[in-house]
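Welcome! Please take a look at the protein below, and then let us walk through it together, one piece at a time.

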Amino acid sequence: MTHQRSSAAYSRRATEYIERLGLMDPVHPSDRELVSTWASGVHEAIDAGCGPGHWTNFLAEQGVIVRGVDLVPEFIAHARNTYPAVRFTVGDLASLDAAADSVDGILSWYSLIHYEPQAIQSPLREFGRVLKPGGTLLVGFFEGPTVEKFAHAATPAYQWPVDDLGAELLAAGFDVLESHVRKTPDQRPHGAIIARCRGTR
């Protein structure tokens, strides 16, 4: 499956990825502010696709009870070693080891970019299962005028128009609360959506 191929690709380049992107230092200030503001209304969360764990630790520092989940064992090993006070587990975003209605927040920061458009409902519906009714999901992604595949450094990824990803969220049982697009010179546009779980299945 696509996400398993993505996991293998990241495993091969885990050290390089951690060194380049596994810290909060390179994070754009507006992204940090957005996640921090969202986290202020969250008590217990899952960082779905946590990578090296820096965002998970960031949420923990905001006072959120948080667990990081990622399919790449190398990332989880690094995260456990670097942030020993935070809980991390190896897991699949489409089949989380969490009870229904068990958390009030999920951060999915660039963790859905490798899902093919026809498969995106699988993790989104799983997020809806795990979130309490009224809980919120914050998704970060590559934004663009059309749903389009491109050659990501690790493995092929997809860009999404805000409205198209918003429609997928609606179909998965969410209501979009706010959306953001940031354009930075020499970088792909960044998108972010905060959506509330309706709690209907």
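## Starting from one residue

Let us begin with a single proline: Pro-117 sits in the loop between β4 and α6. Keep in mind that the whole model is predicted. Is Pro-117 buried or exposed? Its relative accessibility is 24%, and because buried means under 20% and exposed means over 50%, Pro-117 counts as partly exposed.

Which residues does Pro-117 touch, if we leave out those up to four places away in sequence? They are Val-147, Tyr-158, Trp-160 and Glu-168. Take Glu-168: this residue is 51 residues away from Pro-117 along the chain, but their C-alpha atoms are separated by 9.3 Å.

## The protein as a whole

Now zoom out. The protein is built with seven helices and nine strands. It has 201 residues, of which 51% count as buried.

Contacts across the sequence are worth a look too. Among the contacts between residues at least 6 apart in sequence, 63% join residues that are at least 24 apart.

## The sheet

Seven strands form an open sheet with mixed pairing, and their order is β3-β2-β1-β4-β5-β9-β8. At the edges you will find β3 (87-90) and β8 (174-182), each of which pairs on one side only. On average, neighbouring strands of this sheet are turned by 15 degrees against each other, direction ignored.

How do β8 and β9 run relative to each other, parallel or antiparallel? They are antiparallel, and eight bridges join β8 to β9, which covers residues 190-197. Within this pair, Ser-179 stands opposite Ile-193 in β9.

## Strand β1 and its partners

β1 (44-48) has β2 on one side and β4 on the other in the sheet order. With β2, the pairing is parallel and spans five bridges. Two matching positions help you find it: Glu-44 has Ile-65 as its bridge partner in β2, and Ala-48 stands opposite Val-69 in β2. With β4, β1 also runs parallel, joined by three bridges. Here Ala-45 has Gly-105 of β4 as its bridge partner.

Why can we call β1 largely enclosed by the rest of the structure? The reason is that four of its five residues are buried. β2 is mostly covered as well, with five of its six residues buried.

## Two right-handed crossovers

Follow the chain from β1 through helix α4 (residues 54-61) to β2, and you trace a right-handed β-α-β unit. Six of the eight residues of α4 are buried, so this helix is largely enclosed by the rest of the structure. The buried residues in α4 are His-54, Trp-55, Thr-56, Asn-57, Phe-58 and Leu-59. Just after α4 comes Gly-63, which takes a positive phi of about 95 degrees.

On the next stretch, β2 and β3 pair in the parallel sense over four bridges, and Arg-67 stands opposite Arg-87 in β3. Between these two strands the chain crosses through α5, and this β-α-β crossover is right-handed.

## Helices on the sheet

Which strands does helix α5 touch as it packs on the sheet? Helix α5 (residues 73-82) touches β2 (65-70) and β3, and its direction makes about 165 degrees with that of β3. Helix α6 (residues 121-130) packs on the sheet too, touching β1, β4 (103-109), β5 (131-142), β8 and β9. The direction of α6 makes about 145 degrees with that of β5.

## Where two helices meet

Helix α6 also meets another helix. Its axis and that of α7 (residues 162-171) come within 9 Å and cross at roughly 50 degrees. The two helices are therefore oblique to each other, and α6 passes α7 in a right-handed crossing.

Which residues meet in this pair? From α6 come Gln-121, Leu-124 and Arg-125, and from α7 come Glu-168, Leu-169 and Ala-171. A little background may help as you look at them: an α-helix has 3.6 residues a turn, so residues three or four places apart point the same way. You may remember Glu-168 from the start of our tour, where it was among the residues that Pro-117 touches.

Definitions and conventions:
Residues are numbered from 1 along each chain as its sequence is written. This is a predicted model: local features need pLDDT of at least 70, side-chain atom pairs count only at pLDDT 80 or more; totals for chains, interfaces and linings use all residues. Side-chain values use heavy atoms; hydrogens and water are left out. Two strands pair if DSSP finds at least two bridges between them. Axes are lines fitted to C-alpha atoms, for helices over the stretch in contact, and angles run from 0 to 180 degrees between N-to-C directions. Contact means heavy atoms within 4.5 Å. Buried means under 20% relative accessible area, exposed over 50%, partly exposed in between (1.4 Å probe, protein chains only). A crossover is right-handed if, with the strands pointing away from the viewer, the path from the first strand over the helix to the second runs clockwise. Angles under 35 degrees count as roughly parallel, over 145 as roughly antiparallel, 65 to 115 as roughly perpendicular and the rest as oblique. A crossing is left-handed if the near helix is turned anticlockwise from the far one by less than a right angle, and right-handed if clockwise.
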